[in-house]
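Hi,

Here is the structure I promised to pass on. Have a look at it first, and then read on for my notes.

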Amino acid sequence: MNASSRYNRQMILPEIGEEGQQKLSGSKVLVIGAGGLGAAILPYLAAAGVGEIGIVDDDVIEISNLHRQVIYKSSAVGKSKAKEAREMLLELNPQLKVNAFSLKLSGENVLTLFENYTIVVDATDSISIKYLINDACLITNKPMVYGSIFRFQGQVSVFNYQNGPTYRCLYPDENSSSVNCTDAGVIGISVGIIGMLQANEVIKMILETGEVLSGKILVYNVLNNEQQKYDFEKNDSFVMDRNIFDEKYSQKENTVEEISAEAVLNQIDNEEVLFLDVRNTDELPKIAFKNSLQIPLMNLENEIEKLDLNQTIYVFCQSGIRSKMAAELLHKKEFKDVKSVEGGALAMKELLKKEIKI
């Protein structure tokens, strides 16, 4: 099947035509994350004829992913997301080149990966990875197509486009916290809509048509179909060069020490241990040990004086993700003995079903 047959319906658009299709065919797009956002972005880029697509994701498919990560089959549970996404895209459009990278993005590999692509798409739910993507895009001079989801609301923007504003211009506070979909909840339609809006920004940049969301952020609410678009300015006070980047990211990544839920429950009567719950106050299940304290992650830095620098602290959240962020923050504040509880409250709840009194 030739290209004109496959892409006929979009090539008849005057904004695309044969020249536009050639631009798509010659483009190279790297998508970081093959989860909910990626599952919407990837098939539309492939179907449109983006010539080379890279997929970066070190995760495997879980059954709880399938309600929103719609490119995967139930039979693929336990398999690599990047590799399964690659197979799906090649079945959709075998004319493409698709590269699967089953690895975690880091300061050691990010610049090498980015150098080979023209556009980078952020389809992650990690704040720290978003800053890494942004900074690497600045070093390699690539535009970053940003998307994020919180429950029923999503955001889309394009950073570093033609020397425009960056992620840090909009979100300068690198120590801010956020809740991912594992803990906050998400409906598949939300990530589908936001992912397709991200894919749309990629296509517009490749075709050099339309108005790119540079210096603007689009906020969309799926419950009431309201959307707002806000302008933001470039902040030239932040400087990122290769030396700064290497100093920030090329050092060995700080690894948070973890403790299993089983080991934690052996310590529930140890008065020398503080159990720090960094979930929001309305989150279930409720777990309140006699030596526990709840400070939501977003409030932790402002309420850090409530904690003893020298006390042993076991931090837990819903699933073990925010607790790592909290532990990192406490380490930076020179707390001596902090561990993150593996699996969080959900893991402890299973053990507590054995009628351990709390």
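Before the strands come up: two strands count as paired if DSSP finds at least two bridges between them. Please also keep in mind that this is a predicted model.

**The two domains**

The chain splits into domain 1, covering 3–250, and domain 2, covering 258–356. Taken over C-alpha atoms, the centres of domain 1 and domain 2 are 33 Å apart.

**A hairpin and its surroundings**

With that pairing rule in hand, take β7 (216–221) and β8 (residues 226–231): they run antiparallel and are joined by 6 bridges. One pair to click on is L218 with its bridge partner K229 in β8. The hairpin of β7 and β8 has 4 residues between the strands, and N225 takes a positive phi there, near 60°.

Just upstream, the loop between α10 (188–207) and β7 holds V212. Is V212 buried or exposed? V212 has a relative accessible area of 10%, and the cut-off for buried is under 20%, so V212 counts as buried. If you want a distance to check, V212 and V60 are 33 Å apart in space, C-alpha to C-alpha, with their positions 152 residues apart in sequence.

**Two asparagines with positive phi**

Most residues other than glycine have a negative phi, so a couple of asparagines caught my eye. N141 has a positive phi of about 60° although it is not a glycine. N141 belongs to the loop between α7 (127–140) and β5 (144–150). N160 also shows a positive phi, near 60°, and lies in the loop between β6 (153–159) and α8 (167–170).

Which way does each of them go on accessibility? N141 is exposed, at a relative accessible area of 58%, whereas N160 is buried, at 6%.

**The open sheet**

Next is an open sheet of 5 strands with parallel pairing, in the order β9-β13-β12-β10-β11. Its edge strands are β9 (258–259) and β11 (292–294), each of which pairs on one side only.

Going along that order:

- β9 and β13 run parallel and are joined by 2 bridges, with I259 opposite V341 in β13.
- β12 (residues 312–316) and β13 also run parallel, with 4 bridges between them; here V315 stands opposite S340 in β13.
- β10 (residues 273–277) runs parallel to β11, and 3 bridges join the two; F275 faces S292 in β11.

How many of the residues of strand β13 are buried? The count is 4 of the 5 in β13 (residues 337–341), so this strand is largely enclosed by the rest of the structure.

The loop between β10 and β11 is worth a stop, as P285 sits in it. The peptide bond from L284 to P285 is cis, with omega near 5°. For context, most peptide bonds are trans.

**Two helices with a buried side**

In α3 (residues 17–25), the buried residues are G17, G20, Q21 and L24. They are on the same side of α3 because they cover an arc of only 100° around the axis. E18, E19 and Q22 are exposed, on the face of α3 turned away from that buried side.

The other helix is α14 (residues 322–332), where R322, S323, A326, A327, L329 and L330 are buried. These cover an arc of only 160° around the axis, which puts them on the same side of α14. Just after α14 there is another positive phi, about 70°, at E334.

**A pocket**

Last item: the second largest pocket holds about 170 Å³ of space. Its lining is made up of I71, Y72, K73, S75, A76, K79, E84, E87, M88 and E91. Sorted by class, that lining has 5 charged, 4 nonpolar and 1 polar residues.

If you only have time for a few views, I would open these:

- the cis peptide bond from L284 to P285;
- N160, buried and with a relative accessible area of 6%;
- β13, with 4 of its 5 residues buried;
- the pocket lining, including K73, K79 and E84.

Shout if anything looks odd on your screen.

Cheers

Note on methods:
Residues numbered from 1 in each chain as written. Predicted model: local features only at pLDDT ≥ 70, side-chain atom pairs only at ≥ 80, totals over all residues. Heavy atoms only, no water. 1 Å grid on protein atoms, 1.4 Å probe; cavity = no way out; pocket = protein on both sides within 12 Å on 5 of 7 lines; lining within 4 Å. Points joined across faces, edges and corners; volume = space filled by probe spheres on them. Nonpolar A, V, L, I, M, F, W, Y, C, P; charged D, E, K, R; others polar. Buried < 20%, exposed > 50% of the residue type's maximum accessible area, 1.4 Å probe, protein only. Arc of directions from axis to C-beta. Domains from an automatic or database assignment.
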